[in-house]
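Subject: Handing over a structure

Dear colleague,

I am passing this structure on to you, and I would be grateful if you could open it before reading the notes below.

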Amino acid sequence: MSHPQTASAPPPAPTVAPTVVSPPASPAAPVVRRFDGGAVAADPVRWARVYEGVYAQALGLSDHSDPPISDRLLRHAGRPGFALVAALEGEEVAGFVYGYTLPADSLWWDGLTPDPGPEFTREYPDRTVGVCELLVRPRWRRSRVGHELFEAFLAGRHEERAAALVAEDNGVVLATYAKYGFEPVGRIEPYPGWRPHVMIVRSLARRSIARPCSADSPRR
């Protein structure tokens, strides 16, 4: 008697190794370097390109284009006490901050309301460093690069206080500077046609906050 043939079991399916997705690499920690006025004046375009990239969506505003950032850099680079501190990954600029010592005849406080009085606005040697720009490119934000830049910039200063200007409607930057110890002292229009700005001040008490031109704008 014939026997029915038994169907053989199908071969096991091949094993597929799971795909491993590596998280995106974090940016390497940038190196902080200091540049004097001569170095910045020799190549203002390097820094202007970074500024224009950060503010690409706002270059139509007078705040960011009148006068152009390259012109402001050249003018400020010749001021006493000028310094620019940059965070660099290789030759790529992650961000920078710059400023200079306010002279005795500074127009920085002109038009400030409410008027804080002549003693507050009086400038003498090494009283105030004006912080003209503090900016970080998107790739390096939320990595403390801005904070480290600012602290490195202040570490080389001898003034009693730091002052900066931030557009009144830029709540994010104002909140950031508040974390750095700045306090608002009034409102001002830095140049004709610019948006109203908040003047913020910080005492550099470790060397002496009546409490970062700004991450948003420069001053004369």
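The notes that follow take up a pocket, a pair of helices and two points in the backbone.

This is a predicted model, in which local features need pLDDT of at least 70 and side-chain atom pairs count only at pLDDT 80 or more, while totals for chains, interfaces and linings use all residues. Residues are numbered from 1 along each chain as its sequence is written, and side-chain values use heavy atoms, with hydrogens and water left out.

The largest pocket (on a 1 Å grid over the protein atoms alone, an open set of points where a 1.4 Å probe fits, with protein on both sides within 12 Å along at least five of seven lines) has a volume, taken as the space filled by probe spheres set on the points, of about 750 Å³. Of the 21 residues that line this pocket, R141, V172, V173, T176 and Y180 are the closest to its centre, where lining means having an atom within 4 Å of a point. The largest share of the lining, five residues, comes from α7; helices here are DSSP runs of H or I with at least four residues, and strands are runs of E with at least two.

Helices α2 (residues 44-54) and α4 (residues 69-77) have axes, which are lines fitted to C-alpha atoms over the stretch in contact, that come within 9 Å and cross at roughly 135°. That angle makes α2 oblique to α4, a class for angles that are not under 35 degrees, not over 145 and not 65 to 115. In contact (heavy atoms within 4.5 Å), P44, W47, A48, Y51 and E52 of α2 meet I69, S70, R72, L73 and L74 of α4.

As for the backbone, the peptide bond from T113 to P114 is cis, with omega near -5°, and P114 lies in the loop between β3 (92-101) and α5 (118-121). D126, in the loop between α5 and β4, has phi near 65°, a positive value in a residue other than glycine.

With best wishes

Technical notes
Axes fitted to C-alpha atoms, helices over the stretch in contact; angles between N-to-C directions.
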